[in-house]
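Reader: Hello! Could you take me through one part of this protein at close range, a loop with an unusual backbone angle, and then show me what surrounds the feature and what else in the fold compares with it? I would like to follow along in the structure as you go.

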Amino acid sequence: YCHGERDVVVCGAGPSLQKYQPIEGAVHIAVNRSFLYEKVDFDFIFAQDYDGIRMCQNELVQYRPGKCVKMLGAKHNIDAKTIPESLAIKCNALRFYMDYQIYLDGYGSKLVRDIELRPIGGMPNVGMSVMQLALYMNPRRLFIVGCDMSGTHFVPGHQTKEELAAEKKQYDAYWKDGNQKLLDKWKEIKEFAQAYYPETEIISVNPVGLKGMFHDIYQE
């Protein structure tokens, strides 16, 4: 897709996304609700479960029809995180399978190189899973934005105060309790990239939780 000549930017929905100054000419991939960031016209939207897009479904359906590729995860098993097929149809989305049914645990999921033939590794966090798509594009540089490893998001979506409080409590505990395990998984992604895409430079923009993992830059 990029042939080693274009940059790719993965945009998570962490608070630091608001500091991001768009990189001109880059392919931009939105993770979950981050497509609501108005300074970027996103080329792709990537969501692996319903929790990440439940609060902004109408916006997702209406977002840049015909100009943005929407990729929504599919599961073999049915649970509260299953993205409805009816929503995918409204979005004219591409569906992709993850390896949950094989490993049953995001920490056990395996990164894959050929995402056209194998299910994408369902990592503990969608910001990790999308790296397989971004690297598969073979970018010159891969920028990571808004993957803060924090309990808050840059925009709330259509959620009540109670729902926002519950979400913050859930993610605060998730990032705090699993911090080292999550960093170890990011290290696994780094090693995967070095092995299969050694010519792609990975850069963290305004990093918070990922500080020191990749090449860090700060936009003033």
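Author: Gladly! Let's start at N206, which you will find in the loop between β7 and β8. Please keep in mind that this is a predicted model. N206 has a phi of about 50 degrees, a positive value, although this residue is not a glycine. That deserves a second look because most residues other than glycine have a negative phi. Is N206 buried or exposed? With a relative accessible area of 6%, N206 falls under the 20% cut-off, so N206 counts as buried.

Now look at what lies beside this residue. N206 is one of the residues that line the largest cavity, and from its own stretch of chain S204, V205, P207, V208 and L210 join in. Elsewhere in the sequence, the lining takes in S16 and the run I144, V145, G146, C147 and D148. Two strands, β6 (141-145) and β7, each supply at least two of these lining residues. In character the lining divides into 7 nonpolar residues, 4 polar ones and 1 charged one. The volume of this cavity is about 40 Å³, and the count of cavities of 30 Å³ or more comes to 1.

A positive phi turns up at another place too. R64 is not a glycine either, yet its phi is near 40 degrees. You can find R64 in the loop between α1 and β4. Here the exposure reads another way: at 23% relative accessibility, R64 counts as partly exposed, whereas N206 is buried.

The loop that holds R64 also holds Y63, and this brings us to the aromatic rings. The structure holds 6 aromatic pairs. A pair of this kind is described by the distance of the centres and the angle of the planes. For F35 and Y63, the centres are 5.3 Å apart and the planes stand at 65 degrees, so the pair is edge-to-face. F35 belongs to the loop between β2 (27-31) and β3 (44-47), while Y63 belongs to the loop between α1 (57-62) and β4 (69-74); the pair thus links parts of the chain that are 28 residues apart. Both rings come from buried residues: F35 has a relative accessible area of 2%, and Y63 has a relative accessibility of 13%.

A further pair leads us back to the loop where we began. The rings of W186 and F214 have their centres 6.0 Å apart and their planes at 80 degrees, so this pair is edge-to-face as well. F214 sits in the loop between β7 (201-205) and β8 (215-217), and W186 sits in helix α6 (residues 179-196), so the pair ties together parts that are 28 residues apart in sequence. W186 and F214 are both buried.

There is more to see among the aromatic residues. F192, Y196 and Y197 are linked into a cluster by ring pairs. Y107 has a charged neighbour instead: the charged end of K181 sits over its ring, 4.0 Å from the centre.

Finally, let's return to the strands on either side of the F35 loop, β2 and β3. In β2, 5 of its 5 residues are buried. V27, I29 and V31 cover one side of β2, and H28 and A30 the other. β3 is likewise covered on both faces, with F44 and F46 on one side and I45 and A47 on the other, all of them buried.

How do these strands connect with their neighbours? Strand β1 (residues 8-11) runs parallel to β2, joined by 4 bridges, and V8 has V27 as its bridge partner in β2. From β2 the next step leads to β3, again parallel, through 3 bridges. Along this edge A30 stands opposite I45, and V31 has F46 as its bridge partner. β3 in turn is joined to β4 by 4 bridges, and these two strands also run parallel; A47 stands opposite L72 there.

So, to come back to your loop: N206 combines a positive phi with a buried position and a place in the lining of the largest cavity.

Key
Residues numbered from 1 in each chain as written. Predicted model: local features only at pLDDT ≥ 70, side-chain atom pairs only at ≥ 80, totals over all residues. Heavy atoms only, no water. Phe/Tyr/Trp six-rings, centres within 6.5 Å; stacked < 30°, edge-to-face > 60°. Buried < 20%, exposed > 50% of the residue type's maximum accessible area, 1.4 Å probe, protein only. Lys NZ or Arg CZ within 6 Å of the ring centre and 35° of its normal. 1 Å grid on protein atoms, 1.4 Å probe; cavity = no way out; pocket = protein on both sides within 12 Å on 5 of 7 lines; lining within 4 Å. Points joined across faces, edges and corners; volume = space filled by probe spheres on them. Nonpolar A, V, L, I, M, F, W, Y, C, P; charged D, E, K, R; others polar. Pairing = 2+ DSSP bridges.
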